[in-house]
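Biologist: I've got a new chain open on my screen and would like to talk it through with you. Can we start with the sheet and then go to the cores?

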Amino acid sequence: MPDIDHTHDALLGGLIRLKQPRKGQRASADAVMLAAAVAAPKKSGSGARVLELGCGSGVAMLCLAARLKTVSVAGVELQPDLAALCARNIAANGLDERLSVHEGDIRARRIAGLTPNSFDQVFANPPYFDMARHRVSPHAGRAAARAEAEDADLGHWIAAMLRYAKPNGGLTLIHKAERLGDILAALAAKAGAIRVIPLWSKAGQPAKRVIVRAIKGSKAPLTLTPGLLLHRPDGSYLPEIDAVLRDGAALPEV
């Protein structure tokens with residue numbers, strides 16, 4: 001994989017360094033916010049295990065590992081070139097002992113190296129766009145990361161999250177606010193204690209993104225939280241959000 005095809009980048013104020021495709025899917029605030037939203041597993045010590053579905057070059061899992069320093073994190077990636085790049089980024093950050101990447105399809109009943117019902121937390125940033133209704137990037141890698149395939153829709157992603165989480169394990173995802181109904185339908189009767197966290201870009205504007213947390217097998221009711229405001233009127237991030245994006249802080253509790 002020639003270096004000319006990649007950029008050398010830093011995240012969390014330089015705490016994480018990684019290579020990313022020069023063209024294609026790259027780090028976004030959504031990925032960093034998602035990593036910050038994953039709750040620390042209740043299990044203490046180094047035994048807690050976390051899984052990211054669709055890990056790409058490793059942005060979110062690297063950010064999560066920087067914050068939760070005792071957990072092990074596995075990632076699943078469909079595209080072989082991104083899986084290989086993720087492995088290189090893990091090694092470059094000295095995290096080989098805690099992080100691993102597995103090439104696989106989230107629609108498969110089993111992915112080599114992973115055991116269903118075995119992860120304390122599972123998180124994902126599923127593709128946002130329905131290819132039948134939205135124009136998608138002409139770049140194949142970016143399109144694969146951003147657009148739902150007809151045979152791998154949002155329901156498949158949530159089903160895979162449920163498949164690999166332990167009973168009472170945590171689920172966390174970020175998605176477009178307009179897909180909240182689909183998310184809740186996919187979780188119905190399979191997970192509870194759902195917390196919906198709207199992300200308000202600016203005061204007075206509709207939320208474009210939501211973070212959804214749930215507990216596999218729980219019967220507890222849903223909570224619609226007040227959500228988080230991200231930006232000041234001038235467009236700069238509010239201090240608590242800047243701490244997430246620049247310093248690797250956990251998502252503020254709401």
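Modeller: A word on terms before we start: two strands count as paired if DSSP finds at least two bridges between them. And keep in mind that this is a predicted model.

Biologist: Fair enough. Which residue stands opposite G170 in β11?

Modeller: Strand β9 (residues 165–176) and β11 are joined by 7 bridges. The two run antiparallel. Within β11, the residue standing opposite G170 is I215.

Biologist: And on β10, what is the bridge partner of G192 in β11?

Modeller: Strand β10 (residues 191–200) is also antiparallel to β11, with 7 bridges joining them. For G192, the bridge partner in β11 is I215.

Biologist: Why is strand β11 largely enclosed by the rest of the structure?

Modeller: Count a residue as buried when its relative accessible area is under 20%. Strand β11 covers residues 209–216. It is largely enclosed because, of its 8 residues, the number buried is 6.

Biologist: On to the cores. Which element gives the largest share of the largest nonpolar core?

Modeller: That core has 43 residues, and M33, L64, L99, L199 and L251 have the most contacts inside it. Elements supplying at least two residues each include β2 (16–21), α1 (29–37), α3 (80–92) and α7 (239–247). The largest share is 8 residues, and it comes from α2.

Biologist: You mentioned L251. Which residues does L251 touch, leaving out those up to four places away in sequence?

Modeller: L251 is among the residues with the most contacts inside the core of 43. Leaving out those sequence neighbours, L251 touches M33, A36, A37, I197, I211, L228 and V244.

Biologist: How many residues are in the other core, the one with V76?

Modeller: It lies apart from the core that L251 belongs to. Among its members are V76, F119, V122 and A165. The count is 29 residues.

Biologist: F119 again, then. Which residue has its charged end over the ring of F119?

Modeller: The charged end sits 4.2 Å from the centre of that ring. As for aromatic pairs, a search of the whole structure finds 0. The residue over the F119 ring is R49.

Biologist: Last one, zooming out: what percentage of the residues of the protein chain count as buried?

Modeller: The chain has 7 helices and 13 strands. Its accessible surface is about 11900 Å², with 54% belonging to carbon and sulfur atoms. Of its 254 residues, the buried part is 49%.

Notes:
Residues are numbered from 1 along each chain as its sequence is written. This is a predicted model: local features need pLDDT of at least 70, side-chain atom pairs count only at pLDDT 80 or more; totals for chains, interfaces and linings use all residues. Side-chain values use heavy atoms; hydrogens and water are left out. Helices (H or I, at least four residues) and strands (E, at least two) are DSSP runs, numbered from the N terminus. Buried means under 20% relative accessible area, exposed over 50%, partly exposed in between (1.4 Å probe, protein chains only). Accessible areas come from the Shrake-Rupley method with a 1.4 Å probe; for residues, only the protein chains shown count as cover. Rings of Phe, Tyr and Trp (its six-membered ring) pair if their centres lie within 6.5 Å; planes under 30 degrees apart count as stacked, over 60 as edge-to-face and the rest as tilted. A charge sits over a ring if NZ of Lys or CZ of Arg is within 6 Å of the ring centre and within 35 degrees of the ring normal. A nonpolar core is a set of buried Ala, Val, Leu, Ile, Met, Phe, Trp, Tyr and Cys residues joined through side-chain atoms within 4.5 Å. Contact means heavy atoms within 4.5 Å.
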